[in-house]
Amino acid sequence: MSPPPIAQRVEALRPTAVNRVLAEVRALQAEGRRLVSLMRGQPDSATPIHIVEAAEQALRAGHTGYPDNQGELTLRQAAAEKLRRDNGLDYDPGREILVTDGATSGLFAALAVLLEPGDDVLVPDPIYDAYSSPIAAWGGQPVPVRATIQNGRFAIAAADLAAACTPRTRAVLLNTPWNPTGTVWTRPELDTLMAFAGAHDLRVISDEIYETFVYDGCRHLSPAALSTEARKRTVLVNSLSKTYAMTGWRVGYCAATPDLIQAMLLVLQQYSRGPALFVQHAAAHALRADQECVRAMTAEYQRRRDQVIAHLRGLPGIEPLIPQGGLFVMLDVRALGIPSEEVRRFLLREAGVAVIHGSAYGPGGEGTLRISFAAGGTVLEEGLERLRGGLKRLTDRAE
């Protein structure tokens with residue numbers, strides 16, 4: 001007798017675009033190909049030494065047991081201090097902050113408490129594709145809100161939100177800065193979004209993991225900071241992965257009203273005990289220490305962004321969109337008249353450079369490529385040389 005089938009809900013889950021492309025990359029590398037990757041959003045710098053030392057001190061002090069399931073109070077207090085200092089938000093660390101295993105865990109818990117099977121979640125199109133599966137895991141349906149390129153940046157209008165809304169819509173999920181587009185949502189755009197959410201009685205899940213990487217004088221603004229009403233509607237999700245180059249540490253936090261945090265904690269308790277105790281001590285130190293390391297990383301990423309823009313300009317019919325934030329440049333290749341996935345495959349196989357096709361992030365991303373500048377130095381230099389060479393071959397062919 002064969003074993004019972006795997007649960008049907010798994011059929012709705014998909015690997016991320018990065019993981020799918022990584023499988024192709026590894027297959028080519030197994031054949032002896034040397035490739036350069038410009039596709040991942042993983043900072044290439046080491047975790048700042050003062051954070052590492054804080055973890056070492058916590059280990060030596062014996063902080064190796066089970067943590068408080070809501071998160072150690074010292075970390076919840078540090079997160080509350082950070083939200084007040086950087087975002088102008090007041091949250092009670094005892095009742096309104098939840099520590100999670102990175103932002104992904106926070107998003108999963110938030111969706112669990114907001115969705116019933118059959119509910120819809122509005123998501124910008126294009127958007128980071130890893131959001132779709134957690135929505136589907138809880139029986140929800142991601143509904144794309146088509147963005148358009150306006151003045152060199154992706155944007156969503158009120159009419160786009162209204163057109164996507166259904167009677168089953170329960171929430172809007174956004175991130176700012178917006179992966180993959182690099183748009184930093186402005187105050188008027190967020191005002192429009194929150195007014196829409198209020199009119200339709202929707203929650204807003206705001207992923208703010210790229211908040212410190214903003215450029216050209218742009219300013220990150222959390223939708224929760226717009227008003228008292230906006231704060232009540234918003235589940236703020238953040239992590240230390242990007243800001244402090246702590247991707248492998250798996251530590252983040254959520255901020256929301258007490259009822260939501262208590263419900264999310266109940267969900268979290270079913271599959272996680274939270275980040276390791278010594279990791280939480282290091283995270284609290286990171287949030288409270290001098291932020292010069294963050295400012296230095298931001299300046300370096302802006303320099304890399306400018307390097308990408310300068311290197312990819314001047315190719316006929318190809319236009320890099322200048323991101324206001326994040327770790328990616330979207331490259332407009334619509335003039336080639338070739339599906340973005342085909343362009344991406346050509347660049348991988350013929351030029352030896354790995355990028356992500358815009359269509360991986362929804363129909364609104366078709367005709368673009370996502371170029372990461374999370375890695376710098378010779379990796380970025382060689383990757384850009386290969387990328388420009390491969391694109392030139394395609395533009396020459398199109399003429």
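Reader: Before anything else, what do buried, exposed and partly exposed mean here?

Author: Buried stands for under 20% relative accessible area, and exposed stands for over 50%. What falls in between gets the name partly exposed. Keep in mind that this is a predicted model.

Reader: Great, then is N151 buried or exposed?

Author: Let's place N151 before judging it: this residue sits in the loop between β5 (148-150) and β6 (153-155). Its phi is near 55 degrees, a positive value in a residue other than glycine. The relative accessible area of N151 is 83%, and the cut-off is over 50%, so N151 is exposed.

Reader: Which class does R250 get?

Author: R250 belongs to the loop between β9 (234-239) and β10 (252-255). R250 isn't a glycine, yet its phi is positive, at about 55 degrees. With 33% relative accessibility, R250 falls between the 20% and 50% limits, so the class is partly exposed.

Reader: Is P48 buried or exposed?

Author: You'll find P48 in the loop between β1 (36-37) and α2 (49-60). Its relative accessible area is 12%, and the limit is under 20%, so P48 is buried.

Reader: How far apart are the C-alpha atoms of P48 and P126?

Author: Start with where P126 is: the loop between β3 (120-125) and α5 (132-137). Along the chain, P48 and P126 are 78 residues apart. In space, their C-alpha atoms are separated by 32 Å.

Reader: Which residue is joined to P126 by a cis peptide bond?

Author: Check omega for the bond that leads into P126: the value is about 10 degrees. That cis peptide bond links P126 to D125.

Reader: And what is omega for the cis bond between N179 and P180?

Author: P180 is found in the loop between β7 (169-175) and α7 (187-199). The peptide bond joining N179 to P180 is cis, with omega at about 15 degrees.

Reader: N179 and P180 also line the largest cavity, so I'm curious: what is its volume?

Author: The structure has 4 cavities of 30 Å³ or more. The lining of the largest one includes N179 and P180, along with P177, W178 and Y210 among others. Its volume is about 40 Å³.

Reader: How many charged residues are in the lining of that largest cavity?

Author: Run through the lining: among its residues are G182, G325, G326, L327 and F328. By class, there are 6 nonpolar and 4 polar residues, and the count of charged ones comes to no residues.

Reader: What about pockets: how much space lies in the largest pocket, and which residues are closest to its centre?

Author: About 1000 Å³ of space lies in the largest pocket. There are 44 residues in its lining, and the ones closest to the centre are T16, Y128, D129, A130 and Y131.

Reader: Which elements give two or more residues to the lining of the largest pocket?

Author: Sorting the lining by class gives 21 nonpolar, 14 polar and 9 charged residues. Sorting by element, those giving two or more residues are α1 (17-30), α4 (102-114), β3, α5 and β4 (141-146).

Reader: Last one: which residues form the nonpolar patch on the surface?

Author: Take V10, in the segment before α1. It has 41% relative accessibility and counts as partly exposed, and a patch residue needs over 30%, so V10 passes that cut-off. The patch has about 280 Å² of accessible area together, and its residues are I6, V10 and L13.

Terms used
Residues are numbered from 1 along each chain as its sequence is written. This is a predicted model: local features need pLDDT of at least 70, side-chain atom pairs count only at pLDDT 80 or more; totals for chains, interfaces and linings use all residues. Side-chain values use heavy atoms; hydrogens and water are left out. Patches are made of residues with over 30% relative accessible area and no salt bridge: like charges are joined within 9 Å, nonpolar side chains (Val, Leu, Ile, Met, Phe, Trp, Tyr) within 5 Å. Accessible areas come from the Shrake-Rupley method with a 1.4 Å probe; for residues, only the protein chains shown count as cover. A salt bridge is a side-chain nitrogen of Lys or Arg within 4 Å of a carboxyl oxygen of Asp or Glu. Helices (H or I, at least four residues) and strands (E, at least two) are DSSP runs, numbered from the N terminus. Buried means under 20% relative accessible area, exposed over 50%, partly exposed in between (1.4 Å probe, protein chains only). On a 1 Å grid over the protein atoms alone, a cavity is a set of points where a 1.4 Å probe fits but cannot get out, and a pocket is an open set with protein on both sides within 12 Å along at least five of seven lines; lining residues have an atom within 4 Å of a point. Grid points are joined across faces, edges and corners, and a volume is the space filled by probe spheres set on the points. Ala, Val, Leu, Ile, Met, Phe, Trp, Tyr, Cys and Pro count as nonpolar, Asp, Glu, Lys and Arg as charged, and the others, Gly among them, as polar.
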